[in-house]
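Work through the exercises below with the model open. Each task is followed by a solution in steps.

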Amino acid sequence: MTLLSEYYVPGLHIEDRSIKVPLDWTGHEPGHGFDGELISLFYRVVTAPEHVHDDLPLLVFLQGGPGGSGPRPLGPSSDGWIEEAIKHFRVVLPDQRGTGRSSRVDTHVIEDMDGDGKAGAAFLKRFLADSIVRDFEHLRRTEFGGARWVTLGQSYGGFLTLTYLSLFPQGVIASFTTGGIPHVPADATDVYRHTFPRMAAKTKQFYERYPIDIERAAAVADILQSREVTLPNGDPLTVERFQCLGSDFGMKPSFERVHWILDQAFLDGDGSASASGELSDEFLSSVMDATSSRPLYWPLQEFIYANGELETPIRWAAQRVRGEHPEFAGGIRPLNFTGEAMFPWMFEQERALRPFKPAMDVLMEDTHFGTIYDADQLARNEVPLQAAVYFDDMYVDSGLQLDTLSRVGRSHYWTTNEFEHDGVHGSTVFKHLFNEALNRGDLAELF
């Protein structure tokens, strides 16, 4: 186990560690030797200071995303689930391959690929759930002596959870998920047909809370349709990109964040909405920051639903479904905001995403992907799974989650409308799930 550094942040003891894993797991088995191109897998082990020398069981956190790195905790109380988890576990926080300090993938890496997109497409396929879970299983077998661990998956981490339970259930004692049970069988088009109406509903709720923003958003959109506007980084600000402010509407306090961005939109007079006025530099900077992409987040977004051999290519599922909803057109008022959805214009307009376009064009026509879910294995699953299902979740439809859970062995769920998609970061959700599992006896071999 390679220890890079060891230190404290207030209330937490942290070890930074790293191992090597193969870029391509084809022909290799986690826990064994391998050859070919290697990449780094970085992870942290976090404990309460009073438990540094205690042999507590392991909990590995499966980060949301895709393309998300592990949390950088500021202290126990900065993230509710961590504050509860360190009472009972040594917590493992990996940076998923290609993120954080795990051989990070960004524009510099993709720009070095060949121009026709084939090499880039093959490369990006190596950063999906089948590879991520093999990395973690290799980590468990080699660096933690093969000790079985508990998994906690937030959002996309719940997708990874079902991949783990499909491929390596023997490595897991129990699993928790929060807002992240994918529909199995997976279908990106079906997902967006469920979530676009939720995007419209969230926009309506936003305007009901802040009616003044109906006029402000309309005025901004009118400006963007009437003339060219450029963000500080040189990207064009189009109506479509402005609508992407809604991608945060499934979190708290996203309505307030967008409201205050719109509050400072206009330069003239007292800043009231004016379609003939100028947009402020502060507004443009805020929109740029709020709508700029993490390097792997949008490129992988629709391919997290690609399981094995597809009958038809994905072909920009969100864009096709958006075309079925004229209420999202840029000229419609009140203006609807879009949620977590990837569109082809992003890879033309965003400087950070343009290098990915050749690979995206190839992937959108591809039908050959790794296996991420085994429905038969999930049906006979024996690993206790406790899921928090947020009834009004904008990103992962609750009805689809419950449908999947009805076909996963030993699964239990808690359905609530008290929280948004990021509820696990408060003080209630993980504690509730943990106590439910404890009371049911699902953690009997640990506690």
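**Exercise 1. State which strands helix α5 lies across, and give its angle to β6.**

Solution. The model is a predicted one. Start by locating helix α5 at residues 156–167. The strands it lies across are β4, β6, β7 (172–178) and β8 (385–390). Relative to β6, the helix runs at about 140°.

**Exercise 2. Give the strand order of the open sheet and find the strands at its edges.**

Solution. Step one is the order: the 9 strands follow one another as β1-β2-β3-β5-β4-β6-β7-β8-β9, and the pairing is mixed. Step two is to look for strands with a single partner: β1 (2–9) and β9 (411–416) each have just one, so they stand at the edges and one side of each has no neighbour in the sheet. Step three concerns the twist: on average, and with direction ignored, neighbouring strands here are turned by 20° against each other.

**Exercise 3. Describe how β4 is joined to β6, and name the bridge partner of Leu-59.**

Solution. Strand β4 covers residues 58–62 and strand β6 covers residues 149–154. The two run parallel, with 4 bridges joining them. Leu-59 is paired with Val-150 in β6.

**Exercise 4. Classify the packing of α6 against α9 by angle and by handedness.**

Solution. First take the geometry: the axes of α6 (residues 188–209) and α9 (residues 254–263) come within 11 Å and cross at roughly 60°. Angles of 65 to 115 degrees would count as roughly perpendicular and those under 35 as roughly parallel; α6 and α9 are therefore oblique to each other. The crossing is right-handed. Next list the residues that meet: α6 contributes Lys-202, Gln-205, Phe-206 and Arg-209, while α9 contributes Phe-255, Glu-256, Val-258, His-259 and Leu-262. Sorted by class, this contact has 4 nonpolar, 2 polar and 3 charged residues.

**Exercise 5. Do the same for α7 and α9: find the axis distance, the handedness and the residues that meet.**

Solution. Helix α7 spans residues 212–226, and its axis is 10 Å from that of α9, at an angle of about 60°. α7 and α9 are therefore oblique to each other. Here the crossing is left-handed. On the α7 side the residues are Ile-212, Asp-213, Arg-216 and Val-220; on the α9 side they are His-259, Leu-262 and Asp-263. The classes in this contact are 3 nonpolar, 1 polar and 3 charged. Looking back at Exercise 4, His-259 and Leu-262 of α9 also meet α6.

Methods:
Residues numbered from 1 in each chain as written. Predicted model: local features only at pLDDT ≥ 70, side-chain atom pairs only at ≥ 80, totals over all residues. Heavy atoms only, no water. Pairing = 2+ DSSP bridges. Axes fitted to C-alpha atoms, helices over the stretch in contact; angles between N-to-C directions. Contact = heavy atoms within 4.5 Å. Parallel < 35°, antiparallel > 145°, perpendicular 65-115°, else oblique. Left-handed = near helix turned anticlockwise from the far one by under 90°. Nonpolar A, V, L, I, M, F, W, Y, C, P; charged D, E, K, R; others polar.
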